Protein chains: 2
Amino acid sequence: MNKVKKYRKEKGLSQMELASKAGVTRQTITLIENNKYNPSLALCLKIAKALDSDLNTLFWEE
Amino acid sequence: MNKVKKYRKEKGLSQMELASKAGVTRQTITLIENNKYNPSLALCLKIAKALDSDLNTLFWEE
DNA sequence: TGAAATTGCAATATATATATTGCATAAAAA
DNA sequence: TTTTTATGCAATATATATATTGCAATTTCA
């Protein structure tokens, strides 16, 4: 569903690197990438900025 | 910060109407509009769709 | 006017996002 | 092959999003 994993890999980042750029744990990134739960807006914003991306690109669904 | 109140009013909806379109309580809408807490992604998506809008328009911040 | 609708907010209860630690597997690199 | 590095996932603890109910203050409209 969300495209975090895809964009993280395009940036050549590991889960750990993205987690520390976003200020969360790797576990949180794993769960979000695998759609195991429902991140908060604040976290979506941090991830989007860490990937030089935006909310619609990573999380919008039609 | 977020622009939910602004876009809700442009659509001529009350908090109650938006809440029921989005499937949450009015209290939740009130708190989000007043930046009292941090909605989940699933809720942001429901609100965006209920307002015929999108995540970046309502929630992105530079 | 006064009744009805709208909004802000308080208090409590519950569900769940996130942190933390740790282990197993697989892939990459030495 | 051995040693790192990357990823998935389990278990527990804590913080907080959301529901529910209800009330007070405005605002809207009959």
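This briefing covers how two protein chains pair, how they meet two DNA strands, and where the largest pocket lies.

The model is predicted: local features need pLDDT of at least 70, side-chain atom pairs count only at pLDDT 80 or more, and totals for chains, interfaces and linings use all residues. Residues are numbered from 1 along each chain as its sequence is written, chains are lettered from A and ligands numbered from 1 in the order in which they are written, and side-chain values use heavy atoms, with hydrogens and water left out.

**Pairing of the chains**
- A turn of 180° and a shift of 0.0 Å along the axis lay chain A on chain B with an RMSD of 0.0 Å (least squares on the C-alpha atoms of residues with pLDDT of at least 70 in both).
- This is the relation of a two-fold axis.
- Ser40(A) has the C-alpha nearest the axis in chain A, 2.0 Å from it.
- The copies meet through the same surface, because 100% of the interface residues of chain A are also interface residues in chain B (contact means heavy atoms within 4.5 Å).

**DNA strand C**
- This strand is surrounded by 20 residues, and the closest are Thr28(A), Tyr37(A), Ser40(A), Gln15(B) and Arg26(B) (near means a heavy atom within 4 Å).
- Of the atoms of DNA strand C within 4 Å of the protein, 61% belong to sugar and phosphate.
- Ser40(A) places a polar side-chain atom 2.8 Å from a phosphate oxygen of the strand (a polar contact here is a pair of N or O atoms within 3.5 Å).
- Lys5(B) has a side-chain N or O atom 3.0 Å from a phosphate oxygen of DNA strand C.
- Arg26(B) has a polar side-chain atom 2.8 Å from a base oxygen of DNA strand C.
- The nearby surface has four nonpolar, 11 polar and five charged residues.

**DNA strand D**
- Among the 19 residues around this strand, Gln15(A), Arg26(A), Thr28(B), Tyr37(B) and Ser40(B) come nearest.
- Sugar and phosphate make up 62% of the atoms of DNA strand D within 4 Å of the protein.
- Phosphate oxygens of DNA strand D lie 2.6 Å from a side-chain N or O atom of Gln15(A) and 2.8 Å from one of Ser40(B).
- Arg8(A) has a polar side-chain atom 3.1 Å from a phosphate oxygen of DNA strand D.

**Largest pocket**
- Its lining includes Met1(A), Tyr37(A) and Phe59(A), along with Leu41(B) and Leu45(B).
- By class, the lining has six nonpolar, three polar and one charged residues.

Notes. On a 1 Å grid over the protein atoms alone, a cavity is a set of points where a 1.4 Å probe fits but cannot get out, and a pocket is an open set with protein on both sides within 12 Å along at least five of seven lines; lining residues have an atom within 4 Å of a point. Ala, Val, Leu, Ile, Met, Phe, Trp, Tyr, Cys and Pro count as nonpolar, Asp, Glu, Lys and Arg as charged, and the others, Gly among them, as polar. A polar contact is a pair of N or O atoms within 3.5 Å; within protein, one must be able to donate a hydrogen and the other to accept it, and residues adjacent in sequence count only if both atoms are side-chain atoms.
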